[in-house]
Amino acid sequence: MDDDNSNALRRMSTRTRKVATKMAAALGSSDNRTQAALARLEALENDNAGIETVEMNDDDEASLDEDDQGYMQKRSKGTKRKTRQAKALENARKAPRSFLELLQEANLESLPPHVPSYLRAAVGPPSSTSRRHFCSVCGFSARYTCVTCGMRFCSCRCQNIHNDTRCMKFVA
Amino acid sequence: MSNIVVLDNGGGLIKAGLGGERNPAVVIPNCLYRPLSSKKFLHPTTTFSSSTEDLTSAAIRRPIDRGYLINPDLQRDIWSHLFNSLLHVTPSTSSLLLTEPLFSLPSIQRATDELVFEDFGFSSLVVADSPSLVHLYETSRCPDGLVSEGRCSLVVDCGFSFTHAAPVFQNYTLNYGVKRIDLGGKALTNYLKELVSYRAINVMDETFLMDDVKEKLCFVSLDVERDLQIARKHGKDNLFRCTYVLPDGVTHTKGFVKDPEAAKRHLAVTDGASPSEAVADQLEVADRTTDRKRVDLSKNEFDLTNERFLVPEMIFQPADLGMNEAGLAECIVRAVNACHPYLHPVLYQSIILTGGSTLFPRFVERLEKDLRPLVPDDYQVNITTQEDPILGVWRGGSLLASSPDYDSMRVTKAEYEELGSARCRRRFFR
């Protein structure tokens with residue numbers, strides 16, 4: 001481990017580090033377990049398992065013919081190279097914004113409370129706070145909670161599987 | 001009179017055709033896909049369940065996120081393919097009837113209008129919301145029924161992106177009563193993907209495959225506790241275990257249920273009773289056939305047991321997943337309670353189910369079972385299903401397009417150019 005005082009002398013990069021949103025959420029919050037649960041719910045709305053911004057690039061290149069592509073690559077090496085930052089900016093401008101961003105932009109909170117809107121149409125929390133728990137390994141009703149990560153399991157056997165495979169994956 | 005294009009632009013499927021017809025001419029997924037064999041994203045020409053293409057690990061791009069249009073460029077691409085190659089219509093001489101989700105944001109509405117008028121140049125546009133179209137269709141289907149007598153209904157639309165319970169009164173959706181659960185077919189498929197990927201084989205990339213698995217094998221449980229007990233059993237006592245064979249890419253490009261007879265065994269489990277003798281006989285036959293088949297296919301298959309009913313269970317109890325939202329039955333009750341008390345008994349008596357996710361077996365029975373205890377005793381609960389829940393909205397749109405009222409509802413291109421998007425939108429009463 002480095003000492004703290006050596007940090008002051010070391011030159012730090014000013015480049016902003018790009019962290020995946022899920023990681024950022026997990027790092028930024030004190031309550032990791034709820035964050036992990038939220039991230040998991042968020043993932044239920046994904047189209048593809050991977051990160052989707054990458055595809056924008058793929059698609060642009062894929063639409064060119066193969067010869068063109070080779071030519072483009074050669075040329076781009078010869079002339080001025082796009083910096084990573086410029087590329088990222090361009091992608092950000094081109095990429096479609098997610099619905100949540102649009103929602104934030106619409107500023108629905110500012111509407112008076114009697115106006116029906118997307119936010120007020122949400123069904124709201126359930127009347128009973130009790131919740132059934134299912135084992136994350138086998139799916140049957142789970143009595144026990146993992147002390148390190150908070151996921152559920154139903155038996156010793158499932159606990160072992162959980163510890164070997166999935167435990168701490170989200171919250172480490 | 002120009003022709004009217006009716007377009008139900010869903011998050012999952014586009015239903016499109018000409019007004020006045022009974023069934024939409026085109027039903028395609030609202031997405032572009034890229035199979036492994038291709039470099040480009042392709043336009044689907046039929047639904048994926050009816051095509052024989054190899055869709056292993058295909059990537060998808062959808063213009064719609066959480067039910068709302070977020071990528072107009074992509075949508076333009078899909079629509080132009082739809083209008084030019086599939087429907088063969090010329091937008092400049094046709095009128096468009098478009099469905100839009102409830103509570104669409106102003107920026108999204110503007111983008112839609114631009115798409116319709118500026119990119120495609122339709123001569124006029126009518127925007128309708130799906131609950132009122134479903135109501136319209138049901139009233140015309142049985143003019144003497146309660147829905148048309150009471151002139152109101154509660155439309156429960158459980159679709160691809162979300163689930164809405166919407167009270168409709170005299171063909172207008174009462175938007176202050178609408179309640180939404182943020183769960184739909186997409187979330188269910190993704191949940192099933194997650195479960196199978198952790199427990200058996202990694203299928204995180206196989207959206208189309210898991211859609212098929214969900215449609216073929218999932219069902220709604222009437223008693224989760226009891227069914228969990230049954231699912232725990234071994235051998236042939238376990239009525240829910242079912243094997244799905246993955247495509248191998250050589251002999252078959254589609255996955256399939258290994259033993260369709262065994263997959264239907266869950267229907268034998270009736271309320272409160274244990275499986276009868278007749279079922280046990282069936283089981284033996286089924287078991288023998290599975291044994292025979294087991295030899296040649298070894299690795300590329302997975303078993304489903306409790307996943308089959310725990311996945312649709314989410315709609316009824318989202319809290320189990322950690323979502324802070326009420327289930328479908330409570331959603332309906334809240335939607336009704338938001339309306340005038342005079343409407344309550346009529347609304348409970350005319351609940352209409354629509355949307356693709358209501359196709360799970362026993363969905364209606366379960367909903368009735370959940371709903372009954374929450375509704376006051378002296379009200380009747382009556383749930384109607386549509387003949388084809390996926391096309392219900394489109395058929396309503398087709399009816400509206402052929403009705404005499406249609407002309408008065410239109411916004412023409414000239415009006416749009418004169419007044420702009422926001423002013424024209426007032427015509428649609430939302």
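## A walk through chains A and B

Ten of the ten residues of α10(B) are buried, so this helix is largely enclosed by the rest of the structure. The model you are looking at is a predicted one, and α10(B) is a friendly place to start exploring it. If you would like to pick out its buried residues, they are B:Glu307, B:Arg308, B:Phe309, B:Leu310, B:Val311, B:Pro312, B:Glu313, B:Met314, B:Ile315 and B:Phe316. Charged side chains appear in that list, B:Glu307, B:Arg308 and B:Glu313 among them. An α-helix has 3.6 residues a turn, so residues three or four places apart point the same way.

From here, let us turn to the place where the two chains meet. How many residues of chain B are in contact with chain A? There are 57 of them, and they touch 52 residues of chain A. Together the two chains bury about 4,900 Å² between them, with 52% of that area on carbon and sulfur atoms. Three residues stand out on the chain B side: B:Arg66, B:Arg180 and B:Tyr198 supply 16% of the area that chain B buries against chain A, more than any other three residues.

Polar chemistry has its share in this interface too. Between chain B and chain A, 24 residue pairs are in polar contact, counting pairs with both residues at pLDDT 80 or more. Several elements of chain B each bring at least two residues to the side that touches chain A, including the strands β5 (59–61), β7 (68–69) and β13 (179–181). Helices do so as well, and α10 (307–316), where we began, is one of them. The element that gives the most is α5(B), with eight residues. Sorted by class, the side of chain B that touches chain A has 26 nonpolar, ten polar and 21 charged residues.

With those charged residues in mind, it is worth looking for salt bridges, and seven are found across the interface of chain B and chain A. For a pair to look up in your viewer, try B:Glu194 and A:Arg166, whose side chains meet in a salt bridge at 3.8 Å, N to O.

Aromatic rings offer another route across the structure. Over all chains, 18 aromatic pairs are found. In one of them, A:Phe99 and A:Tyr118 sit edge-to-face, 5.1 Å from centre to centre with 75 degrees between the planes. This pair links distant parts of the chain: A:Phe99 belongs to helix α7 (residues 99–106) of chain A, while A:Tyr118 lies 19 residues away in the loop between α7 and β1 (144–145). Both A:Phe99 and A:Tyr118 are buried.

Now follow A:Tyr118 over to its other partner, B:Tyr68. Their ring centres are 5.5 Å apart and their planes stand at 80 degrees, so this pair is edge-to-face. Because A:Tyr118 is in the loop between α7 and β1 of chain A and B:Tyr68 is in strand β7 of chain B, the pair joins two chains. Are these two tyrosines buried or exposed? The cut-off for buried is under 20% relative accessible area, so A:Tyr118 at 7% counts as buried, and B:Tyr68 at 0% is buried as well. One aromatic cluster takes in A:Phe99, A:Tyr118, B:Tyr68 and B:Phe162.

Next, stay in chain B and find B:Ser124, which lies in strand β9 (residues 124–129). At 1% relative accessibility, B:Ser124 counts as buried. Its side chain makes a polar contact of 2.8 Å with the side chain of B:Ser95, and another of 3.3 Å with the side chain of B:Arg410. Leaving aside neighbours within four places in sequence, B:Ser124 also has contacts that include B:Leu96, B:Phe117 and B:Thr412.

For a contrast in setting, look at B:Ile390, in the loop between β18 (383–385) and α14 (392–402) of chain B. B:Ile390 counts as partly exposed, at 27% relative accessibility. Its C-alpha atom is 5.1 Å from that of B:Gly355, although the two residues are 35 apart along the chain. Beyond its neighbours within four places in sequence, B:Ile390 is in contact with B:Leu13, B:Lys15, B:Gly356 and B:Leu359.

Finally, step back to chain A as a whole. Its secondary structure comes to eight helices and two strands, arranged along the sequence as α-α-α-α-α-α-α-β-β-α. Of its 172 residues, 23% count as buried.

Definitions and conventions: Residues numbered from 1 in each chain as written. Chains lettered and ligands numbered in written order. Predicted model: local features only at pLDDT ≥ 70, side-chain atom pairs only at ≥ 80, totals over all residues. Heavy atoms only, no water. Contact = heavy atoms within 4.5 Å. Buried area = accessible area lost by both parts, 1.4 Å probe. Salt bridge = Lys/Arg side-chain N within 4 Å of Asp/Glu carboxyl O. Polar contact = N/O pair within 3.5 Å; in protein donor to acceptor, adjacent residues only side chain to side chain. Helix = DSSP H or I, 4+ residues; strand = E, 2+ residues; numbered from the N terminus. Phe/Tyr/Trp six-rings, centres within 6.5 Å; stacked < 30°, edge-to-face > 60°. Buried < 20%, exposed > 50% of the residue type's maximum accessible area, 1.4 Å probe, protein only.
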